[in-house]
Amino acid sequence: METPFPPFEPNGPDDSARGPRLREIPFRLVFPNLITILAICAGLTGIRLAFENRYELAVAMVLLAAFLDGIDGRVARLMKATSKFGAQMDSLADIVNFGVAPALVVYVFALDQARSLGWIAALIYAIAAGLRLARFNVMAERENKASWQSEYFVGVPAPAGAMLVLLPVYLGFLGLATDRTFAYLSSVYTVAIAFLLISRLPVWSGKSEGNRLRRDLVLPMMLGVVLYVALLMSYTWEVMVFTVAAYLVSLPFGARKWQRKYGTLTIEEPGVGDDDIGRHI
């Protein structure tokens, strides 16, 4: 028969087998994860708003989710609160915010009129976003990273892909007729963006520490950022269309710069994309 009293421990209770108590976890470790959770909530809310035909709010929530998802890692590093748990949370949030949410929003708004072809296009984009994020995680976990990884992405990054794939929605907001022809063209465009996500196209990341801005260009750059934000607030969808077009136009220039430096148009360095499934991804 078990005694109702705990066993006597002369040296006090042994807490070595217990995990950390919630009250023992500093708030700075929890705060970045809260941002990640808010990003997931924003992405899922964007899906709901799209099904309620509140498209402008839906797009705003998806873009907000992308913004929150982009800063949670930086906040964690700034607060010295990085953790494996946070990394896993961020990875799961990425597939929702950059893959599922944009695909469903653009499907409900435009691709639905293309019937099965539109749904297939949305599926292809969502799966491509998942594959892109998986490849990024594999490359980020390597101990020996190539020097170019601080300067180039392999394919269009998932956050940029979410912004790009919503172009049919931006155009619809500007008054373009969203008929069946528009739906078919949007489906083709969606598949093209999915291809850019999983491609080996070298995309300049802008994160290289070796790129420094000249002193005389600092103030004009800051003024340009202020002007961009002001225009974005006043002419939101026109600016978003311009941003998407500018980003797509910049891709060949990044690939050309890579070719001049490394001699190829795509990233074909041995080991890129290698993981447990093999070398063909």
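## A guided tour of the predicted chain

Start with the whole protein chain in cartoon view: it has 9 helices and 2 strands, where helices (H or I, at least four residues) and strands (E, at least two) are DSSP runs numbered from the N terminus. This is a predicted model, in which local features need pLDDT of at least 70, side-chain atom pairs count only at pLDDT 80 or more, and totals for chains, interfaces and linings use all residues. Residues are numbered from 1 along each chain as its sequence is written, and side-chain values use heavy atoms, with hydrogens and water left out.

Trace the cartoon along the sequence and you will read α-α-α-α-β-α-α-α-β-α-α.

Next, colour by burial. Of the 281 residues, 38% are buried, meaning under 20% relative accessible area, with exposed over 50% and partly exposed in between (1.4 Å probe, protein chains only).

Now select residues 91–110: their end C-alpha atoms lie 28 Å apart, and the span is 95% helix and 0% strand. Move on to residues 116–134, which are 100% helix and 0% strand, with end C-alpha atoms 27 Å apart. An unreviewed UniProt entry lists both spans under "transmembrane region", among them also 217–233; such annotations may be inferred rather than shown by experiment.

Finally, select helix 8 (residues 215–234) and find Met 222 within it. Is Met 222 buried or partly exposed? Its relative accessibility is 46%, so Met 222 counts as partly exposed.
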